[in-house]
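Have your viewer ready and the selection tool at hand. Let's take a short walk through this model, one selection at a time.

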Amino acid sequence: MSIIYHQEQRIWTLETRHTAYEMQVSKLGYLIHLYYGAKTADRMDFLFEPYDLGFSPNPYELRTEKCGTPDAYPQEYSGMNAGDFRLSSADAVTASGIRGADFRYVSHEILPGKYRVSGMPSAFDRDDEAETLVIRLRDKAAGLIAELYYAVFEETDVITRAVRLVNGSEEAIELGKAASACLDLPEGDWDLIHFHGKHTLERQIERVPVMTGIQTVSSKRGASSHQQNPFVILCGREASEDFGDCYGMMLVYSGSHRIETEKEQSGTVRCVAGINDETFSWHLAPGEAFETPEAILSFSGTGLGTLSRQYHRFIRKHICRSKYMHERRPVLINNWEATYFNFDETKILHIAEEAKKLGVEMMVLDDGWFGTRDDDNSGLGDWFVNERKLRGGLTPLIEKINALGMKFGIWVEPEMVNEDSDLYRAHPDWALTVPGRDPAMSRNQLVLDLSRKEVVDWLYGALARLLLDHHIEYVKWDMNRHLSDIYSRDCPADRQGEVPHRYVLGLYDLLERLTKAFPDVLFEGCAGGGGRFDAAMLYYSPQIWCSDNTDAVERLYIQEGTSYGYPASAVGAHVSAVPNHQTGRITPIGTRGVTAMSGGFGYELDLGKLTEAEKEAVRSQIARYHEYYDLIHEGDYYRLTSDSRRLTHTAWQFVSEDKGSSLVSLVMAAPRLNSGPLRLRLKGLDPEASYEVVRMEIFGFEPPAPKNGRKVFSGAALMSGGFVFPMLWGNYPSAQVYLKKV
Ligand code: DGJ
């Protein structure tokens, strides 16, 4: 039993393998957050000491006692306009003008299994592992009920949360904010780690002290965005990769989000996460309910590495639904960087044939195959073949590719429309634009109004037709602009604030229907690279194209930042041509392989243009990838270097769950002058076991013969002493070491 209710003290303890989460109903009915951290045998109610605080009001019931302001209570779901001036979790106004919420306990229940969030992705339970706790709070003035949902995943050390806000009054309520979770941490020196970026440079690591006041990580772009990922870590100032307390807060949401962290006057810290309230409002008629997206919380007392592995396991096991979490995904070749829009059947077939010779298993036809799409100015919305490029349609091409013994996959960008398209000409009102204002253009395209059911239904029809009529085994789902000029012609004036979230619900509805109807199709998410790399998209697609930056060195940092919250199995990564199209950098083919071989692996260049030696390298990469597949996709991931942009090299390691094998990868971004060979302490091995170096491959540099020919080491020696690499220098050399228990 992972949820225990201690009736006398009115305490709930939520227990996972290594962590405990506790809350209590106070005498006055506040739901107090007592503790989240390493498991203890004690009840933690001694930690709650109400106290008086100048200029912070006390509850009415305590007025002569003057002690115990809610402004200093650690709370599970903070109210608004009722004496707590810190970040609120919900904001509401009733038709008669009552603003805010003073949430007090009403009831609770413990349920078997995992709650689900309607209309939205949320974690699922595979082996009846989870339990659910529902705690009902109510504001008596507004009649607003907050049902707090908690699910405990014991094995993976995760607690998920979501909230259902119910209008329990006789009049309408306008929600202005509806957070998914609120987490109060005690006073201390906390750091905030977040993952920011831009197009072609997603999820860069920034670690800053939590300062007094509010720090915000958010997006109001209608997508979880390249700019700020909906995931933050709060950790002790001293916390590092293998040491210290760390809390993760991740949203299962692909739209505009907001995660705020506030250090208030007494030094305690509150983190509130949910839909971005700047672009949100929701109308609740009496009896209606609003469900928030889910938040995934996890705690590690042994550093950031453990926290990441907890998220990796959880996402693999409880978020990604696709059958391709367990079935092998094919090594693919994508024509985008090989041809851009400039292709025809002959060119595509040539790329496929060359790729097939080297062991590639699937040909993915990217942007440009449909409508009148010869550049990015037209065609989006017209999901029928561009006959000028592919005479006779897709089928003859697919048949030829299948005849080569390859699968066929295709690119789509369903959420968008070009003005120059049949779809727009037929339905100009289906695009999000504000009446009377020229819309802001991005890549010369507009966003379809997915808050409208007829638009979602039409898209479902068009995409289902495409998948039914053709033997397509993979779909790359792209999204190449953010939402501006948000106005839905289908929505009453006073409810336009609902459109951004309704758009996301429409997207989920479309993805739900398609992934259900076509369970054998492998979906890969994409949004101009990794602009929508979030847990909700991973619910539909087990991998996401991580970035439009395919440079093997820049990708190290993008993939490292991504690894804090998301598993390698979720990362789409390709070997591309040199000079690299984004940075102009020239890296050895072997190093490009090492970087890309940390996720869903593929190629994105004309392999026919490679030298014979490079082709041989590709053949060998593919063979190795097959050999290492389980380690990469299901193994535990260890960062051997962190914040590597500051270093000369980046290194990471996969270890199989049974600790029987391990793959260590190292890329040198800068040669180390006048320094000895690099020594890296490995992680995650069995200290008692002996490991043999089955294979050490060096790429981009011919190392001198090793002086020490020793091949077998104890796990303890490799972890405490380290593995010594030969001197690597030159332009971006790399190494891969494969170890096996003997
Ligand atoms: C952005 C994607 O990230 C690229 O891989 C490619 O598919 C282009 N869009 C095509 O327009």
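Start where domain 2 meets domain 3: here 15 residues of domain 2 are in contact with 17 residues of domain 3. Keep in mind that you are looking at a predicted model. To colour the parts, use the domain assignment: domain 1 covers 3-318, domain 2 combines 332-558 with 574-622, and domain 3 runs over 644-741. If you place a marker at the C-alpha centre of domain 2 and another at that of domain 3, the two sit 36 Å apart.

Next, select W369 and Y603. Within the largest nonpolar core, a set of 198 residues, these two have the most contacts. Zoom in on Y603 and show what surrounds this residue: leaving aside residues up to four places away in sequence, Y603 touches V331, L332, I333, N334, V360, H574, V575, V618, Q621 and I622. There is also a second, separate core, with 24 residues, L666, L678, L682 and F723 among them.

Now centre the view on the ligand. Which residues come nearest to the ligand? Of the 13 around the ligand, they are D366, D367, K476, D478 and D548. Sorted by class, this shell holds six charged, four nonpolar and three polar residues.

Try some distance labels here. From the side chain of D367, an N or O atom is 2.6 Å from an oxygen atom of the ligand. W411 places a polar side-chain atom 3.0 Å from a ligand oxygen, and for W545 the corresponding distance is 3.3 Å. Finally, switch on a surface: the ligand taken alone exposes 300 Å², and the protein buries 98% of that.

Conventions: Residues are numbered from 1 along each chain as its sequence is written. This is a predicted model: local features need pLDDT of at least 70, side-chain atom pairs count only at pLDDT 80 or more; totals for chains, interfaces and linings use all residues. Side-chain values use heavy atoms; hydrogens and water are left out. A residue is near a molecule or strand if one of its heavy atoms lies within 4 Å of it. A polar contact is a pair of N or O atoms within 3.5 Å; within protein, one must be able to donate a hydrogen and the other to accept it, and residues adjacent in sequence count only if both atoms are side-chain atoms. Accessible areas come from the Shrake-Rupley method with a 1.4 Å probe; for residues, only the protein chains shown count as cover. Ala, Val, Leu, Ile, Met, Phe, Trp, Tyr, Cys and Pro count as nonpolar, Asp, Glu, Lys and Arg as charged, and the others, Gly among them, as polar. A nonpolar core is a set of buried Ala, Val, Leu, Ile, Met, Phe, Trp, Tyr and Cys residues joined through side-chain atoms within 4.5 Å. Buried means under 20% relative accessible area, exposed over 50%, partly exposed in between (1.4 Å probe, protein chains only). Contact means heavy atoms within 4.5 Å. Domain bounds come from an automatic or database domain assignment.
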